[in-house]
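Student: Please give me a close look at one part of this structure. Start from a single contact and work outwards, step by step.

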Amino acid sequence: MASTQPNLLSFPNTNTLAEQLRPYVLASQNAALSRHDSFRIAVSGGSLPTVLARALLADGNGTPKIPPQFSKWHIFFADERAVPLDHDDSNYRLLQEELLSKIPAELGAPTVYPIDAEAVKKDDTQELADHYQEDLMRVFAAKNSVKLPIFDLILLGCGPDGHTCSLFPGHDLLREKDAWVAAENNSPKPPPKRITLTLPVVTSAVHIAFVATGAGKKDIMKAIFDSEEGRSLPSALVNQGGGDKVSWFTDHAAIDGVAFPRRGSL
Ligand SMILES: O=C(O)[C@H](O)[C@@H](O)[C@H](O)[C@H](O)COP(=O)(O)O
């Protein structure tokens with residue numbers, strides 16, 4: 001368990017949040033490129049792809065525009081629904097519509113790792129998870145055997161019940177120690193069948209950021225940050241495992257009443 005605290009940042013609205021998410025992601029990109037000439041990132045579904053697109057495709061907000069080097073990005077999914085890639089529920093489709101399709105050609109194209117469409121047809125969520133884990137192994141464990149993949153950045157959402165990725169409160173998956181990718185067949189949030197990165201993979205990342213906005217999040221934010229009972233919630237477990245590698249990008253409405261947020265940038 002990490003002994004340091006996560007950064008809890010709050011901004012007046014989603015636009016100002018996106019303005020600060022941009023330099024955070026680019027700093028993470030630049031640090032990764034200096035380490036291994038590629039930027040390995042995992043993204044969630046929900047509202048995250050829209051905010052991320054707003055952050056990355058902005059014109060620099062009055063500052064000199066330093067563009068993302070998308071051709072060096074390897075984008076994985078922190079979780080994905082077991083549906084075809086063109087399905088309304090697909091996180092791949094969401095990311096494609098919100099971000100990937102809008103990247104100007106001159107910024108280069110990222111390498112994106114969707115789930116295996118053939119495995120989806122077989123309706124076997126465990127097989128789908130195994131395939132995705134093999135994809136990760138090809139990228140993260142090509143040269144020697146590694147215990148866990150180390151993402152440069154994982155971008156997460158937080159559900160009103162405290163779930164993150166497709167790791168839900170009280171589920172056995174929270175105790176998974178070995179698998180990199182796990183199957184979830186009874187998600188309380190529809191659709192029920194999903195795959196998800198496991199907690200050890202999430203907390204091993206170099207940087208971990210949550211984006212949580214709107215008044216609908218304020219009760220769960222209080223539970224995660226200010227209550228003893230909230231300590232076992234999946235998002236709180238990421239805080240405990242990741243410590244100060246974790247940054248929360250929230251708006252004021254989402255943390256109304258939370259005891260110790262810092263307002264402004266990192
Ligand atoms: O595919 C999913 O269901 C998501 O990855 C999920 O974990 C999401 O991030 C949270 O439910 C928060 O969603 P919002 O950002 O829309 O609140």
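Tutor: First, a term. A polar contact is a pair of N or O atoms within 3.5 Å; inside a protein, one atom must be able to donate a hydrogen and the other to accept it. Keep in mind that this is a predicted model.

Now the contact. The side chains of Asn7 and Ser247 meet in a polar contact of 3.2 Å. Asn7 sits in strand E1, residues 7-11. Is Asn7 buried or exposed? The cut-off for buried is under 20% relative accessible area. Asn7 has 18%, so Asn7 counts as buried.

Asn7 also leads us to a second residue. Trp248 is in contact with Asn7, once neighbours within four places in sequence are set aside. The list of its contacts also includes Pro6, Leu8, Leu9, Cys158, Phe210 and Ala212. Further along the chain, Met221, Ile224, Phe225, Ser235 and Asn239 are among them too.

Next, find the strand that carries Trp248. Trp248 is in E10, where it stands opposite Phe210. E10 covers residues 246-251 and is joined to E9 by 5 bridges. The two strands run parallel.

Stay with E9. What does E9 pair with besides E10? Strand E6, residues 153-156, pairs with E9 over 4 bridges, again in the parallel sense. One bridge there links Leu155 to Ala209 of E9. E9 thus has a parallel partner in E6 and another in E10.

How many of the 6 residues of E9 are buried? The count is 5, so this strand, residues 207-212, is largely enclosed by the rest of the structure.

Now step across to E6. Leu153 lies in this strand. Leu153 is buried, with a relative accessible area of 0%. Which residues does Leu153 touch, leaving out those up to four places away in sequence? From E9's stretch of the chain come His207, Ile208 and Ala209. The others are Tyr24, Val25, Ser28, Phe39, Arg40, Ile41 and Ala42. Distance along the chain can mislead here. Leu153 and Val43 are 110 residues apart in sequence, but their C-alpha atoms are separated by 8.6 Å.

Now zoom out to the core. In soluble globular proteins, nonpolar side chains tend to be buried together. Here the largest nonpolar core holds 80 residues. Which residues touch the most other members? They are Phe151, Leu197 and Trp248. So our tryptophan turns up again, since Trp248 is on that list. Helix H1, residues 14-36, gives the most to this core, with 7 residues.

Phe151 opens another path. Phe151 belongs to one aromatic cluster with Phe76, Tyr113, Tyr132 and Phe140. The structure holds 12 aromatic pairs. One of them is Phe70 with Trp73, which is tilted: the centres are 4.8 Å apart and the planes are at 55°. Both residues are buried, Phe70 at 0% and Trp73 at 1%.

Compare a pair from the cluster. The ring centres of Phe76 and Tyr132 are 6.1 Å apart and their planes are at 75°. Planes over 60 degrees apart count as edge-to-face, so this pair is edge-to-face. What does the pair tie together? Phe76 lies in strand E3, residues 73-77, and Tyr132 in helix H5, residues 125-140, so the pair links parts that are 56 residues apart in sequence. Phe76 is buried at 0%. Tyr132 is buried too, at 2%.

Last, look at the ligand. It is surrounded by 15 residues, and the closest are Ser47, Asp79, His163, Cys165 and Lys217. Polar atoms meet the ligand as well. His163 has a polar side-chain atom 2.7 Å from a ligand oxygen. For Lys189 the distance is also 2.7 Å. An N or O atom in the side chain of Arg81 is 2.8 Å from an oxygen atom of the ligand.

Let us retrace the path. We began at the contact between Asn7 and Ser247. Trp248 touches Asn7 and stands opposite Phe210. E9 then brought us to E6, its parallel partner.

Definitions and conventions: Residues are numbered from 1 along each chain as its sequence is written. This is a predicted model: local features need pLDDT of at least 70, side-chain atom pairs count only at pLDDT 80 or more; totals for chains, interfaces and linings use all residues. Side-chain values use heavy atoms; hydrogens and water are left out. Buried means under 20% relative accessible area, exposed over 50%, partly exposed in between (1.4 Å probe, protein chains only). Two strands pair if DSSP finds at least two bridges between them. Rings of Phe, Tyr and Trp (its six-membered ring) pair if their centres lie within 6.5 Å; planes under 30 degrees apart count as stacked, over 60 as edge-to-face and the rest as tilted. A nonpolar core is a set of buried Ala, Val, Leu, Ile, Met, Phe, Trp, Tyr and Cys residues joined through side-chain atoms within 4.5 Å. Contact means heavy atoms within 4.5 Å. A residue is near a molecule or strand if one of its heavy atoms lies within 4 Å of it.
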